[in-house]
Amino acid sequence: GCPGTVTPLPGRARRGFGYVPGLLGDRVGTFLADREGAAGMGDWVGGVGVGICAAGRGYFDRPAVAVMAAALPEDSFCTVPRIGALGEPLGAGLTAWIDRVSPAFGIVHGDSSTPETPAIVEALGQAASSFLVGGLTSSRGPDFQVADRVTEGGVSGVLFAPDVEVATGLTQGCAPVGPSHLITEGEGNIIVRLDRRRALDVLEEDLGEPVAEDPGRIAGTIHAAFPVEGSDTGDYVVRNLIGIDSDRGWLAVGGQERTGERVMFVARDAKSAEADLAAMLEKLKNRISGRPRGGVYISCIARGPALFDSADSEAAMIRDVLGEFPLIGFYANGEISNARLYTYTGVLTLVVQSAKKEGRKTEE
(Lines give C-alpha, C1' and ligand atoms only; values in the text may rest on other atoms or scores of the structure.)
Protein backbone atom coordinates (compact mmCIF):
# COMPACT_ATOMS: atom_id res chain seq x y z
CA GLY A 1 0.00 0.00 0.00
CA CYS A 2 0.92 3.64 0.10
CA PRO A 3 3.77 4.29 2.57
CA GLY A 4 2.48 5.58 5.89
CA THR A 5 -1.03 4.14 5.69
CA VAL A 6 -2.45 3.06 9.06
CA THR A 7 -4.78 0.05 8.93
CA PRO A 8 -6.72 -0.38 12.20
CA LEU A 9 -9.18 -2.91 10.78
CA PRO A 10 -8.72 -5.72 8.23
CA GLY A 11 -9.24 -4.42 4.71
CA ARG A 12 -9.67 -0.79 5.77
CA ALA A 13 -7.50 2.26 6.35
CA ARG A 14 -8.44 5.50 8.05
CA ARG A 15 -8.10 8.90 6.45
CA GLY A 16 -8.69 12.04 8.45
CA PHE A 17 -9.61 15.53 7.25
CA GLY A 18 -9.16 18.49 9.56
CA TYR A 19 -9.51 22.28 9.34
CA VAL A 20 -8.80 24.85 12.03
CA PRO A 21 -9.08 28.66 12.12
CA GLY A 22 -5.86 30.56 11.59
CA LEU A 23 -5.90 31.84 15.16
CA LEU A 24 -5.27 28.24 16.29
CA GLY A 25 -2.68 27.59 13.58
CA ASP A 26 0.26 27.34 15.98
CA ARG A 27 -1.54 24.51 17.80
CA VAL A 28 -2.19 22.30 14.76
CA GLY A 29 0.55 19.85 15.73
CA THR A 30 -0.80 19.34 19.26
CA PHE A 31 -4.33 18.94 17.92
CA LEU A 32 -3.29 16.23 15.44
CA ALA A 33 -1.30 14.35 18.05
CA ASP A 34 -4.36 14.25 20.33
CA ARG A 35 -6.68 13.07 17.54
CA GLU A 36 -4.14 10.55 16.24
CA GLY A 37 -3.97 8.86 19.60
CA ALA A 38 -7.73 8.92 20.14
CA ALA A 39 -8.66 7.66 16.67
CA GLY A 40 -5.75 5.30 16.03
CA MET A 41 -4.98 7.26 12.90
CA GLY A 42 -1.85 8.86 11.46
CA ASP A 43 -3.13 9.83 8.01
CA TRP A 44 -4.34 13.43 8.01
CA VAL A 45 -4.87 16.10 5.41
CA GLY A 46 -6.12 19.65 5.91
CA GLY A 47 -5.04 23.14 6.79
CA VAL A 48 -5.98 26.49 8.28
CA GLY A 49 -8.56 29.01 7.20
CA VAL A 50 -9.84 32.36 8.41
CA GLY A 51 -13.14 30.49 8.61
CA ILE A 52 -14.18 26.84 8.77
CA CYS A 53 -17.50 25.06 8.49
CA ALA A 54 -19.02 21.89 9.96
CA ALA A 55 -22.47 20.43 10.57
CA GLY A 56 -24.39 23.27 8.93
CA ARG A 57 -22.48 26.04 10.73
CA GLY A 58 -19.72 28.46 9.84
CA TYR A 59 -17.04 29.69 12.25
CA PHE A 60 -14.91 32.78 11.57
CA ASP A 61 -12.08 34.05 13.77
CA ARG A 62 -13.24 32.01 16.74
CA PRO A 63 -11.95 28.80 18.36
CA ALA A 64 -13.36 25.78 16.53
CA VAL A 65 -12.13 22.59 14.89
CA ALA A 66 -13.73 20.61 12.06
CA VAL A 67 -12.72 16.95 11.78
CA MET A 68 -13.99 14.11 9.61
CA ALA A 69 -12.63 10.55 9.62
CA ALA A 70 -13.29 7.98 6.91
CA ALA A 71 -12.67 4.23 6.89
CA LEU A 72 -11.73 3.55 3.27
CA PRO A 73 -10.65 0.42 1.40
CA GLU A 74 -6.98 -0.44 1.83
CA ASP A 75 -4.66 1.13 -0.73
CA SER A 76 -7.45 3.44 -1.93
CA PHE A 77 -5.65 6.67 -1.03
CA CYS A 78 -2.15 8.07 -0.80
CA THR A 79 -0.83 11.26 0.76
CA VAL A 80 0.84 13.85 -1.46
CA PRO A 81 3.68 15.26 0.66
CA ARG A 82 4.60 18.92 0.29
CA ILE A 83 5.66 19.86 -3.24
CA GLY A 84 7.65 23.04 -2.77
CA ALA A 85 8.48 24.01 -6.34
CA LEU A 86 7.44 23.32 -9.91
CA GLY A 87 9.31 20.30 -11.25
CA GLU A 88 10.06 18.88 -7.80
CA PRO A 89 9.87 15.03 -7.91
CA LEU A 90 6.80 13.43 -6.37
CA GLY A 91 8.81 10.77 -4.60
CA ALA A 92 9.27 7.09 -5.41
CA GLY A 93 6.49 5.83 -3.12
CA LEU A 94 3.83 8.18 -4.46
CA THR A 95 4.91 7.67 -8.07
CA ALA A 96 4.74 3.89 -7.70
CA TRP A 97 1.28 4.12 -6.14
CA ILE A 98 0.03 6.36 -8.97
CA ASP A 99 1.38 3.93 -11.58
CA ARG A 100 -0.23 0.95 -9.84
CA VAL A 101 -3.62 2.42 -8.85
CA SER A 102 -4.28 5.12 -11.51
CA PRO A 103 -6.03 7.59 -9.16
CA ALA A 104 -8.96 9.56 -10.54
CA PHE A 105 -9.43 12.26 -7.92
CA GLY A 106 -7.60 14.26 -5.29
CA ILE A 107 -8.04 16.97 -2.64
CA VAL A 108 -5.12 19.37 -2.36
CA HIS A 109 -4.17 22.45 -0.38
CA GLY A 110 -1.74 25.16 -1.43
CA ASP A 111 0.01 28.27 -0.16
CA SER A 112 -1.08 31.55 -1.74
CA SER A 113 2.34 33.10 -1.03
CA THR A 114 4.07 30.53 -3.25
CA PRO A 115 3.98 32.06 -6.77
CA GLU A 116 4.21 28.66 -8.45
CA THR A 117 1.24 27.15 -6.59
CA PRO A 118 -1.23 27.23 -9.54
CA ALA A 119 1.38 25.68 -11.86
CA ILE A 120 2.27 23.02 -9.26
CA VAL A 121 -1.41 22.05 -8.91
CA GLU A 122 -1.82 21.84 -12.69
CA ALA A 123 1.35 19.74 -13.03
CA LEU A 124 0.23 17.37 -10.24
CA GLY A 125 -3.15 16.90 -11.93
CA GLN A 126 -1.42 16.00 -15.18
CA ALA A 127 1.15 13.71 -13.53
CA ALA A 128 -1.56 11.80 -11.64
CA SER A 129 -4.17 12.07 -14.45
CA SER A 130 -6.56 13.14 -11.69
CA PHE A 131 -9.36 15.66 -11.20
CA LEU A 132 -8.06 17.85 -8.37
CA VAL A 133 -10.13 20.05 -6.05
CA GLY A 134 -9.09 22.02 -3.00
CA GLY A 135 -8.07 25.47 -1.88
CA LEU A 136 -5.32 27.80 -0.74
CA THR A 137 -4.97 28.12 3.00
CA SER A 138 -5.94 31.45 4.56
CA SER A 139 -4.88 32.86 7.89
CA ARG A 140 -4.02 36.03 9.73
CA GLY A 141 -0.79 34.24 10.67
CA PRO A 142 1.18 31.28 9.27
CA ASP A 143 -0.64 29.35 6.52
CA PHE A 144 -0.14 25.82 7.77
CA GLN A 145 -1.07 22.74 5.76
CA VAL A 146 -1.40 19.18 6.98
CA ALA A 147 -0.26 16.15 4.97
CA ASP A 148 0.29 13.53 7.70
CA ARG A 149 2.41 16.21 9.36
CA VAL A 150 2.27 19.99 9.66
CA THR A 151 3.97 21.80 6.81
CA GLU A 152 4.06 25.19 5.08
CA GLY A 153 4.41 26.44 1.51
CA GLY A 154 3.86 24.73 -1.80
CA VAL A 155 1.13 22.13 -2.34
CA SER A 156 0.10 18.98 -0.46
CA GLY A 157 -2.95 16.73 -0.23
CA VAL A 158 -4.28 13.26 -0.92
CA LEU A 159 -5.12 11.23 -4.03
CA PHE A 160 -7.88 8.61 -4.22
CA ALA A 161 -8.27 5.43 -6.23
CA PRO A 162 -11.23 5.10 -8.63
CA ASP A 163 -13.15 2.86 -6.17
CA VAL A 164 -13.71 5.92 -3.94
CA GLU A 165 -16.53 7.49 -5.93
CA VAL A 166 -17.18 11.21 -5.65
CA ALA A 167 -19.33 13.94 -7.14
CA THR A 168 -18.16 17.54 -7.28
CA GLY A 169 -19.72 20.89 -8.07
CA LEU A 170 -18.44 24.44 -8.60
CA THR A 171 -20.54 27.49 -7.78
CA GLN A 172 -19.64 30.98 -8.97
CA GLY A 173 -19.98 34.07 -6.80
CA CYS A 174 -20.39 36.46 -9.71
CA ALA A 175 -22.78 36.97 -12.63
CA PRO A 176 -21.96 38.33 -16.12
CA VAL A 177 -23.06 41.90 -16.87
CA GLY A 178 -22.43 41.65 -20.61
CA PRO A 179 -21.13 39.41 -23.43
CA SER A 180 -17.57 38.17 -23.79
CA HIS A 181 -15.08 40.30 -25.71
CA LEU A 182 -11.89 39.54 -27.61
CA ILE A 183 -8.66 41.01 -26.24
CA THR A 184 -7.22 42.59 -29.37
CA GLU A 185 -4.36 44.40 -27.65
CA GLY A 186 -2.73 43.89 -24.28
CA GLU A 187 0.54 43.44 -22.47
CA GLY A 188 1.15 41.51 -19.24
CA ASN A 189 -1.81 42.19 -17.00
CA ILE A 190 -2.91 45.30 -18.97
CA ILE A 191 -5.87 45.08 -21.34
CA VAL A 192 -5.53 47.90 -23.87
CA ARG A 193 -8.23 47.15 -26.44
CA LEU A 194 -11.29 44.90 -26.54
CA ASP A 195 -12.95 44.16 -29.88
CA ARG A 196 -10.51 46.77 -31.31
CA ARG A 197 -11.95 49.48 -29.04
CA ARG A 198 -10.65 51.14 -25.87
CA ALA A 199 -11.12 48.59 -23.08
CA LEU A 200 -12.64 51.16 -20.71
CA ASP A 201 -15.22 52.17 -23.33
CA VAL A 202 -16.34 48.55 -23.62
CA LEU A 203 -16.59 48.20 -19.83
CA GLU A 204 -18.73 51.36 -19.59
CA GLU A 205 -20.98 50.13 -22.38
CA ASP A 206 -21.55 46.79 -20.59
CA LEU A 207 -22.31 48.51 -17.29
CA GLY A 208 -24.53 51.11 -18.93
CA GLU A 209 -22.94 53.95 -16.98
CA PRO A 210 -19.69 55.97 -16.88
CA VAL A 211 -16.76 54.66 -14.88
CA ALA A 212 -13.90 57.00 -15.77
CA GLU A 213 -15.15 59.82 -13.53
CA ASP A 214 -15.11 57.66 -10.40
CA PRO A 215 -13.29 54.31 -10.94
CA GLY A 216 -13.29 53.53 -7.22
CA ARG A 217 -17.06 53.19 -7.28
CA ILE A 218 -16.86 49.71 -8.86
CA ALA A 219 -13.90 48.50 -6.80
CA GLY A 220 -14.60 45.08 -5.29
CA THR A 221 -17.89 44.60 -7.15
CA ILE A 222 -16.96 44.45 -10.85
CA HIS A 223 -14.36 41.91 -11.99
CA ALA A 224 -12.88 40.45 -15.16
CA ALA A 225 -13.83 36.87 -15.99
CA PHE A 226 -12.10 34.60 -18.47
CA PRO A 227 -14.20 31.81 -20.02
CA VAL A 228 -12.71 28.32 -19.62
CA GLU A 229 -11.84 26.97 -23.04
CA GLY A 230 -13.77 23.82 -23.91
CA SER A 231 -16.25 24.15 -21.01
CA ASP A 232 -19.79 23.07 -21.87
CA THR A 233 -21.23 24.70 -18.74
CA GLY A 234 -20.24 28.32 -19.36
CA ASP A 235 -17.50 28.09 -16.73
CA TYR A 236 -15.18 31.06 -16.18
CA VAL A 237 -12.28 32.12 -13.99
CA VAL A 238 -12.68 35.46 -12.17
CA ARG A 239 -9.78 37.84 -11.68
CA ASN A 240 -9.80 41.16 -9.82
CA LEU A 241 -10.01 44.41 -11.74
CA ILE A 242 -7.11 46.15 -10.01
CA GLY A 243 -6.71 49.39 -11.92
CA ILE A 244 -8.19 51.75 -14.51
CA ASP A 245 -6.31 54.31 -16.59
CA SER A 246 -9.09 56.78 -17.37
CA ASP A 247 -6.98 58.83 -19.81
CA ARG A 248 -5.77 55.97 -22.00
CA GLY A 249 -8.73 53.66 -21.40
CA TRP A 250 -6.62 50.76 -20.15
CA LEU A 251 -7.70 48.12 -17.61
CA ALA A 252 -5.38 46.23 -15.25
CA VAL A 253 -6.41 42.78 -14.03
CA GLY A 254 -5.00 40.37 -11.47
CA GLY A 255 -3.26 37.99 -13.84
CA GLN A 256 -1.21 37.70 -17.00
CA GLU A 257 -3.66 37.92 -19.89
CA ARG A 258 -2.89 37.44 -23.56
CA THR A 259 -4.05 38.97 -26.80
CA GLY A 260 -6.52 36.59 -28.45
CA GLU A 261 -8.17 35.51 -25.20
CA ARG A 262 -11.77 36.36 -24.42
CA VAL A 263 -12.93 38.23 -21.33
CA MET A 264 -16.22 39.42 -19.91
CA PHE A 265 -17.14 41.60 -16.96
CA VAL A 266 -18.99 40.18 -13.96
CA ALA A 267 -20.60 41.60 -10.83
CA ARG A 268 -20.32 40.04 -7.40
CA ASP A 269 -23.48 40.15 -5.29
CA ALA A 270 -25.21 37.94 -2.74
CA LYS A 271 -28.37 37.34 -4.76
CA SER A 272 -26.61 35.90 -7.82
CA ALA A 273 -24.21 33.88 -5.65
CA GLU A 274 -27.07 32.36 -3.65
CA ALA A 275 -28.98 31.49 -6.82
CA ASP A 276 -25.93 29.83 -8.37
CA LEU A 277 -25.22 27.83 -5.20
CA ALA A 278 -28.82 26.62 -5.11
CA ALA A 279 -28.63 25.58 -8.77
CA MET A 280 -25.35 23.72 -8.22
CA LEU A 281 -26.77 21.83 -5.23
CA GLU A 282 -29.85 20.76 -7.17
CA LYS A 283 -27.66 19.45 -9.99
CA LEU A 284 -25.58 17.45 -7.53
CA LYS A 285 -28.69 16.10 -5.84
CA ASN A 286 -29.96 14.82 -9.18
CA ARG A 287 -26.61 13.17 -9.95
CA ILE A 288 -26.28 11.11 -6.79
CA SER A 289 -28.34 8.31 -5.34
CA GLY A 290 -29.40 8.80 -1.74
CA ARG A 291 -27.71 10.87 0.90
CA PRO A 292 -23.96 11.57 0.63
CA ARG A 293 -21.68 9.65 2.96
CA GLY A 294 -19.49 12.67 3.58
CA GLY A 295 -18.33 15.89 2.01
CA VAL A 296 -15.79 18.71 1.92
CA TYR A 297 -16.79 22.28 1.04
CA ILE A 298 -14.17 24.88 0.21
CA SER A 299 -15.39 28.43 -0.28
CA CYS A 300 -13.76 31.81 -0.87
CA ILE A 301 -13.00 34.07 2.11
CA ALA A 302 -14.83 36.82 0.20
CA ARG A 303 -18.02 34.76 0.49
CA GLY A 304 -19.27 33.58 3.90
CA PRO A 305 -20.41 36.47 6.14
CA ALA A 306 -18.71 38.95 3.79
CA LEU A 307 -21.32 38.17 1.13
CA PHE A 308 -24.23 36.27 2.67
CA ASP A 309 -26.52 36.95 5.62
CA SER A 310 -24.40 35.00 8.09
CA ALA A 311 -21.44 32.68 8.50
CA ASP A 312 -23.87 29.74 8.45
CA SER A 313 -25.59 30.53 5.14
CA GLU A 314 -23.63 28.30 2.74
CA ALA A 315 -23.33 25.27 5.03
CA ALA A 316 -27.01 25.58 5.93
CA MET A 317 -28.02 25.68 2.24
CA ILE A 318 -26.02 22.50 1.59
CA ARG A 319 -27.74 20.76 4.51
CA ASP A 320 -31.20 21.95 3.46
CA VAL A 321 -30.85 20.62 -0.09
CA LEU A 322 -28.80 17.44 0.46
CA GLY A 323 -29.88 16.52 3.99
CA GLU A 324 -27.84 15.77 7.09
CA PHE A 325 -24.47 14.16 6.40
CA PRO A 326 -20.87 14.62 7.63
CA LEU A 327 -19.59 17.85 6.06
CA ILE A 328 -16.55 19.96 6.89
CA GLY A 329 -14.60 22.62 5.04
CA PHE A 330 -12.80 25.94 5.17
CA TYR A 331 -12.76 29.39 3.58
CA ALA A 332 -9.84 29.70 1.20
CA ASN A 333 -7.61 32.31 -0.39
CA GLY A 334 -8.34 30.73 -3.77
CA GLU A 335 -10.32 27.63 -4.73
CA ILE A 336 -9.26 24.69 -6.90
CA SER A 337 -11.44 22.71 -9.30
CA ASN A 338 -10.16 20.46 -12.09
CA ALA A 339 -6.60 21.50 -11.12
CA ARG A 340 -7.46 25.13 -11.95
CA LEU A 341 -7.33 28.08 -9.54
CA TYR A 342 -10.55 30.08 -9.08
CA THR A 343 -11.67 33.01 -6.92
CA TYR A 344 -15.05 33.96 -5.41
CA THR A 345 -16.27 30.38 -5.86
CA GLY A 346 -17.37 27.45 -3.73
CA VAL A 347 -16.25 23.86 -4.47
CA LEU A 348 -18.25 21.00 -2.98
CA THR A 349 -17.04 17.39 -3.00
CA LEU A 350 -19.35 14.54 -1.99
CA VAL A 351 -18.30 10.97 -1.30
CA VAL A 352 -21.20 9.02 -2.72
CA GLN A 353 -20.06 5.42 -2.90
CA SER A 354 -17.13 3.13 -2.28
CA ALA A 355 -16.25 -0.45 -3.03
CA LYS A 356 -16.62 -1.26 0.67
CA LYS A 357 -18.84 0.13 3.40
CA GLU A 358 -17.39 3.19 5.10
CA GLY A 359 -17.84 4.73 8.51
CA ARG A 360 -17.49 8.46 9.18
CA LYS A 361 -17.84 10.83 12.05
CA THR A 362 -17.47 14.55 12.49
CA GLU A 363 -16.43 16.74 15.37
CA GLU A 364 -16.72 20.45 15.89
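**Exercise 1.** In this predicted model, determine whether Asp-312 is buried or exposed, or partly exposed, and identify the residue that its side chain meets in a salt bridge.

*Solution.*
Step 1. Asp-312 has a relative accessible area of 22%. Buried would require a value under 20%, so Asp-312 is classed as partly exposed.
Step 2. The side chain of Asp-312 pairs with that of Arg-57 in a salt bridge, with 3.1 Å from N to O.
Step 3. Arg-57 belongs to strand β4 (residues 57-60), whereas Asp-312 sits in the loop between β21 (294-300) and α6 (313-322); the pair therefore ties together parts that are 255 residues apart in sequence.
Step 4. Arg-57 is likewise partly exposed, at 34% relative accessibility.

**Exercise 2.** State how many salt bridges the model contains, and describe the exposure of the partners in the pair Glu-205 and Arg-197.

*Solution.*
Step 1. The count is 9 salt bridges.
Step 2. Among them is the pair Glu-205 and Arg-197, whose closest N and O atoms are 3.2 Å apart.
Step 3. Exposed means over 50%; Glu-205, at 51%, is therefore exposed. Arg-197, at 34%, is partly exposed.

**Exercise 3.** Locate Asp-75 and Asp-195 and give the sign of phi for each.

*Solution.*
Step 1. Asp-75 is placed in the loop between β5 (66-73) and β6 (77-83). Its phi is positive, near 65°, although the residue is not glycine.
Step 2. Asp-195 lies in the loop between β15 (190-194) and β16 (197-198). Phi of Asp-195 is positive, about 50°, again in a residue that is not a glycine.
Step 3. Asp-75 is partly exposed at 24%, and Asp-195 is partly exposed at 35%.

Terms used:
Residues are numbered from 1 along each chain as its sequence is written. This is a predicted model: local features need pLDDT of at least 70, side-chain atom pairs count only at pLDDT 80 or more; totals for chains, interfaces and linings use all residues. Side-chain values use heavy atoms; hydrogens and water are left out. Helices (H or I, at least four residues) and strands (E, at least two) are DSSP runs, numbered from the N terminus. Buried means under 20% relative accessible area, exposed over 50%, partly exposed in between (1.4 Å probe, protein chains only). A salt bridge is a side-chain nitrogen of Lys or Arg within 4 Å of a carboxyl oxygen of Asp or Glu.
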